[in-house]
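Reader: Mind walking me through this one? I'd like to go piece by piece and see how each answer comes out.

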Amino acid sequence: MRWVYGPSLGIASAWLSSPSGPRPGRVLRRAAAILGFELVALPLVGAVPPLAAWPSVELLLLAAHTSAFAAGAELAFPPAAGWRTPNPSTL
């Protein structure tokens with residue numbers, strides 16, 4: 001599953017973290033994309049129980065975890081000057 005999960009998030013992250021705009025906005029976009037992906041894809045493939053079975057604290061912990069990951073990724077890999085959004089037809 002990680003062979004699909006990681007590259008998919010990498011491509012989405014590249015599209016979402018354009019160098020324009022304030023850094024907090026880029027962090028929030030990245031966190032929202034990861035959180036949305038995990039809330040939809042992981043229950044669909046049976047990797048986690050259905051969302052209805054999750055305690056609310058688990059959802060809060062997932063949101064905190066994805067926010068921390070997004071902030072760390074932004075600090076570790078800031079968009080380069082002159083960076084452009086990849087053309088999907090060349091991927």
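**Helix α3 and its surroundings**

Author: Sure, and keep in mind that this is a predicted model. Let's start with a helix: α3 covers residues 56-76, 21 residues in all, and it reaches 30 Å from its first C-alpha to its last, close to the 30 Å expected at 1.5 Å a residue.

Reader: Before we dig in, how many helices and strands are there in the protein?

Author: The order of elements from the N terminus is α-α-α. The count for the protein is 3 helices and 0 strands.

Reader: Back to α3, then. Which residues of α3 are buried?

Author: Buried here is a matter of having under 20% relative accessible area. Seen down the axis of α3, the buried residues fall within an arc of 100 degrees, so they line one face of the helix. That face is made of Leu 62, Thr 66, Ala 70, Ala 73 and Glu 74.

Reader: And which exposed residues does the face of α3 turned away from its buried side carry?

Author: One of them is His 65, which counts as exposed at 51% relative accessibility. The whole set on that face is Leu 60, Leu 61, His 65 and Leu 75.

Reader: What do the buried residues of α3 pack against?

Author: Take Ser 67 of α3 as a way in: its C-alpha is 7.3 Å from that of Leu 28, and Leu 28 is found in helix α2. Ser 67 is partly exposed, though, and the question is about the buried residues. Those pack against α2.

Reader: Let me pick Thr 66. Is Thr 66 buried or exposed, and at what relative accessibility?

Author: Thr 66 lies in helix α3 and is listed with the buried residues there. The cut-off for buried is under 20%. Thr 66 counts as buried because its relative accessibility is 2%.

Reader: Leaving aside neighbours within four places in sequence, which residues is Thr 66 in contact with?

Author: Helix α2 covers residues 23-44, and the buried residues of α3 pack against α2. For Thr 66, with the sequence neighbours set aside, the contacts are Ala 31, Ile 34, Leu 35 and Glu 38.

Reader: What about Ser 67, with its neighbours within four places left aside: which residues is it in contact with?

Author: Ser 67 counts as partly exposed, at 35% relative accessibility. Leu 28 is 39 residues away in sequence and 7.3 Å away in space, C-alpha to C-alpha. The contacts of Ser 67, again leaving those neighbours aside, are Val 27 and Ala 31.

Reader: How far apart in space are His 65 and Ala 31, C-alpha to C-alpha?

Author: His 65 is found in helix α3. In sequence, His 65 and Ala 31 are 34 residues apart. In space, their C-alphas are separated by 8.9 Å.

Reader: Now the surface. About how much accessible area do Val 40, Leu 44 and Val 45 have together?

Author: Val 40 is found in helix α2 and is exposed, with a relative accessible area of 51%. Together with Leu 44 and Val 45, Val 40 forms a nonpolar patch on the surface. The accessible area of the three comes to about 330 Å².

Reader: And for the protein, what share of the accessible surface belongs to carbon and sulfur atoms?

Author: The accessible surface of the protein is about 6100 Å². The carbon and sulfur share of that is 72%.

Reader: Last one: of contacts between residues at least 6 apart in sequence, what percentage join residues at least 24 apart?

Author: We've met one pair with such a separation: Thr 66 is in contact with Ala 31. Across the protein, among contacts between residues at least 6 apart, the share joining residues at least 24 apart is 67%.

Notes: Residues numbered from 1 in each chain as written. Predicted model: local features only at pLDDT ≥ 70, side-chain atom pairs only at ≥ 80, totals over all residues. Heavy atoms only, no water. Patch = residues over 30% accessible without salt bridge, like charges linked within 9 Å, V, L, I, M, F, W, Y side chains within 5 Å. Areas by Shrake-Rupley, 256 points an atom, 1.4 Å probe, with all protein chains shown as cover. Salt bridge = Lys/Arg side-chain N within 4 Å of Asp/Glu carboxyl O. Helix = DSSP H or I, 4+ residues; strand = E, 2+ residues; numbered from the N terminus. Buried < 20%, exposed > 50% of the residue type's maximum accessible area, 1.4 Å probe, protein only. Expected span 1.5 Å × (residues − 1). Arc of directions from axis to C-beta. Contact = heavy atoms within 4.5 Å.
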